[in-house]
Amino acid sequence: MPAKLARIEAYLAQDAGNAELLATAIDLNLTLGRTVTARKHVDAALALYPNDHFFQHRSGSVYIAEGKLSEAEEVLTLLDKELTDPGIVYNLAYVYYLQGRNAEAHKKLLPYVDRPEATPELVMLFLRTLHHMGEVKQALEVVERQMETYGARADFLGLASLLYLDDGQMTQAENLSAAALRTGAAPIEALIASGTVSLGLGKIDVAKGCFKQALDINPSEGRGWSGLGLASLLSRDLATATVELQRAVETLPTHIGTWHSLAWCQLMNRDLLGAKASFNKALALDRNLGETHGGLAVIAAFEGDQAFAEESINRALNLDAQGLSARYAQLVLSGNIKDPVKFQNMAMQLLAARQGPFGKNLAEIIEKNFKPS
């Protein structure tokens, strides 16, 4: 592709107004991530052909690549009013998606998702909007309808595996992520799904490999950092886990399960101030989770604040009568866990059965989906 682009650029130097060459140069530069050159060509094209819808659309695409989402939205909205074009609809919905406006993106894509002219990218963006809206069941209905059409695509299989994972269907998640990775591609969703399944099955080294590969692709992948941090924590590598989980909460600041993982890591390191801060972050996000109150009770018990510990234990057990963290707080309060090693062992037991890093209780999911034959 770089060689083809070099030829096109050479031709353009001799024929700067050639619309076909300009169009090809813009697309090739966008594909190769050369946004500065793409912008130069699209501006030149619009100076020559100011009313050309193709170049206006490409200008919107370049704005997206430049991260200028407001400008992209303005251009694409005007085009969308004039034309019926799935490509324009996709790009406008993608702008909404990048801005976190998932409901608007979903509404824009909905009329097109089952049409023959829908592209794979449009269908997958539609699935991602549903995923971010928490409509996993609805997304899986679309996956099942589209599997015959797109089931050979690694990116579609990877996204589907992540949706099945978040629906608690671990066998499906495992099978589809494996199928995606067998193609030789490495879709990030397939790596996250495979890593999480491996983590749930106790294959810690396999899980770490998947999460690390996902982070090589996207160093800001929060689910990769959260999974890797939990894997390190379960390996009792507390120093590494602390760093990884701190990276995770930077990229997933509203994910309560990740704050819990970080808090327990800090607790096992006897960093009571850090653990208290992490549990309080979780508490600010949702005051009605027993595990958070139980964790705060453990800290209070270690600090000798019996009144607050007992109050937090009662609150935790009222919210979750089976909550292990509250039970551990009772043991700490009674003086039955003085040995740091014993506390670590019990905390590891909690982590193995607690809510998984992505909103599901891994122990329950494994029991349901991987029963011995």
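Here are a few short exercises with worked solutions on a predicted model.

**Exercise 1. Tyrosines along a helix**

Task: Work out how the rings of Y90 and Y94 are arranged, and where in the fold the two residues sit.

Solution: Start with the overall tally, which is six aromatic pairs in the structure. One of these joins Y90 and Y94, with ring centres 6.0 Å apart and planes at 10 degrees to each other. Planes under 30 degrees apart count as stacked, and so this pair is stacked. Next, look at the helix: both residues belong to α6 (residues 86-98) and lie four residues apart, so about one helical turn separates them.

**Exercise 2. A second partner for Y94**

Task: Find out how Y94 and Y97 pair, and how many residues apart they are in helix α6.

Solution: The centres of the Y94 and Y97 rings are 6.4 Å apart, and their planes differ by 20 degrees. The cut-off for pairing is 6.5 Å between centres, so Y94 and Y97 count as a pair, and a stacked one. The two residues are three apart in helix α6, again about one helical turn. To finish, check the surroundings of Y94: its relative accessible area is 26%, which makes Y94 partly exposed.

**Exercise 3. A ring cluster and two arginines**

Task: Identify which residues the ring pairs link into a cluster, then locate the rings that R39 and R115 lie over.

Solution: Following the ring pairs gives a cluster of Y49, F54 and F55. For the arginines, take R39 to begin with: it lies over the face of Y63, at 4.2 Å from the ring centre. Then turn to R115, whose charged end sits over the Y112 ring, 4.4 Å from the centre.

**Exercise 4. A threonine in a helix**

Task: Decide whether T196 is buried or exposed, and find the backbone oxygen that its side chain reaches.

Solution: First place T196, which is in helix α12 (residues 188-200). Its relative accessible area is 2%; the limit for buried is under 20%, so T196 is buried. Its side chain reaches the backbone oxygen of I192 at 2.8 Å.

**Exercise 5. Unusual phi angles**

Task: Explain what stands out about the phi angles of R236 and R270, and say where each residue lies.

Solution: Recall that most residues other than glycine have a negative phi. R236, not a glycine, has a positive phi of about 65 degrees. It is found in the loop between α14 (222-234) and α15 (238-251), and is partly exposed at 41% relative accessible area. R270 also has a positive phi, of about 60 degrees. R270 is in the loop between α16 (256-268) and α17 (272-285), and is partly exposed at 38%.

Note on methods: Residues numbered from 1 in each chain as written. Predicted model: local features only at pLDDT ≥ 70, side-chain atom pairs only at ≥ 80, totals over all residues. Heavy atoms only, no water. Phe/Tyr/Trp six-rings, centres within 6.5 Å; stacked < 30°, edge-to-face > 60°. Buried < 20%, exposed > 50% of the residue type's maximum accessible area, 1.4 Å probe, protein only. Lys NZ or Arg CZ within 6 Å of the ring centre and 35° of its normal. Polar contact = N/O pair within 3.5 Å; in protein donor to acceptor, adjacent residues only side chain to side chain.
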